[in-house]
Amino acid sequence: GNGGGKPADTTVFHSMWKAVVDAYVSSDLVYFDIMNEPWALSPTAFMTLAVAWMAQFPNVPHNRVVVAGDYNDNDVRKQGADPRLADCLLSLHIYDSSGTTAEAAAAALTLHLGPYYSRTVVTEYVGNAGFLQGVTTQMKAYGMGSCYWAGLQGTKGIASLNGTAPNYTLTVNNASTLATIQSGWTD
């Protein structure tokens, strides 16, 4: 439901999650990102919500639970330090507003991760060439997973989707950005 940065109704929130957990908990390929960008909750309130979520769904292994960083997933240091979330993954978003040079981007990523890079996934990132080079280089050095936010069409998108279901085709329209993103992947 539209809760404006927080669940509008926790009963409905847990009901929705029950349907998702029941459908996917048996697949170790599925991870559970409790909430994207909980900007209307303080970090403490969101961490309490995350702990309550894990209590509600004890059959979900904690290492498949993704906990958002502060507000717009912009810093994971508080969540990483919380012992109740020690076995969970963390979600970080980073954009070129944090720095457009490779050096500034790498420094911003390092700052907002703190020592928790080994269990953080950069679940959104996008930016100019210098920013992307810095972020992808640092993510690779840390062995991190990531998801480029603007994968399809639109601003800074790298590909377009054509056709109709189930016969879609994908066309790469920005090969240099794709190569930079791929350079950040680990083996």
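Where is the place of P166? Thanks for coming, everyone; let me start with that one. P166 sits in the loop between strand 6 and strand 7. Before I go on, please keep in mind that this is a predicted model, and the values I quote are computed from it.

So, that loop. A165 and P166 are joined by a cis peptide bond, with omega at about 0°. As a reminder, most peptide bonds are trans. The two flanking strands, strand 6 at residues 159-164 and strand 7 at residues 167-172, pair in the antiparallel sense over six bridges. The connection from strand 6 to strand 7 is a hairpin through two residues. If you want one pair to click on, S160 has T171 in strand 7 as its bridge partner.

Now to the other sheet I'd like to show you. Five strands make an open sheet, in the order 1-2-3-4-5, with parallel pairing. Strand 1 and strand 5 are at the edges with a single partner strand each, so each has one side without a neighbour in the sheet. At the strand 5 end, strand 4 and strand 5 run parallel and are joined by two bridges. There, V122 stands opposite S146 in strand 5.

Next, the packing. Nonpolar side chains tend to be buried together in soluble globular proteins. In this model the largest nonpolar core has 44 residues, and the members that touch the most others are I34, W53, V67 and Y125. At least two residues each come from helix 1 (10-24), helix 2 (43-56), strand 2 (65-68), strand 3, helix 5, strand 4 and helix 6. Helix 2 gives the largest share, six residues. Take V67 as an example: leaving aside residues up to four places away in sequence, V67 touches I34, F46, A50, Q79, L85, C88, L89, L90 and S91.

Let me zoom in on one helix. Helix 6 covers residues 129-142, so to speak a well-behaved one: 14 residues reaching 20 Å from first C-alpha to last, close to the 20 Å expected at 1.5 Å a residue. At its N-terminal end, N128 acts as the cap, with a side-chain oxygen 3.1 Å from the backbone nitrogen of G130. After helix 6 comes G143, whose phi is positive, near 70°.

Which residues of helix 6 are buried? They are F131, L132, G134, V135, T136, Q138, M139 and Y142. An α-helix has 3.6 residues a turn, so residues three or four places apart point the same way. The cover over the buried residues of helix 6 includes strand 3 (89-95), helix 5 (102-113), strand 4 (120-126), strand 5 (145-146) and helix 7 (175-183).

One of those buried residues deserves a moment on screen. T136 lies in helix 6, and its relative accessible area is 0%, so T136 counts as buried. A polar atom of the T136 side chain lies 2.7 Å from the backbone oxygen of L132. Beyond residues up to four places away in sequence, T136 touches Y125, T180, I181, S183 and G184.

On to the cysteines. How many disulfides does a search of the whole structure find? Zero. Why is there no bond at C88? The closest cysteine sulfur, in C147, is 20 Å from the sulfur of C88, which is too far for a bond. For scale, the cut-off for a disulfide is a pair of cysteine sulfur atoms within 2.5 Å. The surroundings of these two cysteines are worth a look as well. C88 has 1% relative accessibility and therefore counts as buried, while C147, with a relative accessible area of 42%, is partly exposed.

Last stop, backbone angles. Most residues other than glycine have a negative phi. E37 is not a glycine, yet its phi is positive, about 50°. You will find E37 in the loop between strand 1 (32-33) and helix 2, and at 22% relative accessibility E37 counts as partly exposed. Y71 is not a glycine either, and it has a positive phi of about 50°. Y71 belongs to helix 3, residues 70-73. Is Y71 buried or partly exposed? Y71 is partly exposed, because its relative accessibility is 38%.

To close, let me go back to where we began: P166, in the loop between strand 6 and strand 7, with the cis peptide bond to A165. That's my tour, and I'm happy to take your questions.

Terms used. Residues are numbered from 1 along each chain as its sequence is written. This is a predicted model: local features need pLDDT of at least 70, side-chain atom pairs count only at pLDDT 80 or more; totals for chains, interfaces and linings use all residues. Side-chain values use heavy atoms; hydrogens and water are left out. Helices (H or I, at least four residues) and strands (E, at least two) are DSSP runs, numbered from the N terminus. The expected span of a helix is 1.5 Å times one less than its number of residues. Buried means under 20% relative accessible area, exposed over 50%, partly exposed in between (1.4 Å probe, protein chains only). Contact means heavy atoms within 4.5 Å. A polar contact is a pair of N or O atoms within 3.5 Å; within protein, one must be able to donate a hydrogen and the other to accept it, and residues adjacent in sequence count only if both atoms are side-chain atoms. Two strands pair if DSSP finds at least two bridges between them. A nonpolar core is a set of buried Ala, Val, Leu, Ile, Met, Phe, Trp, Tyr and Cys residues joined through side-chain atoms within 4.5 Å.
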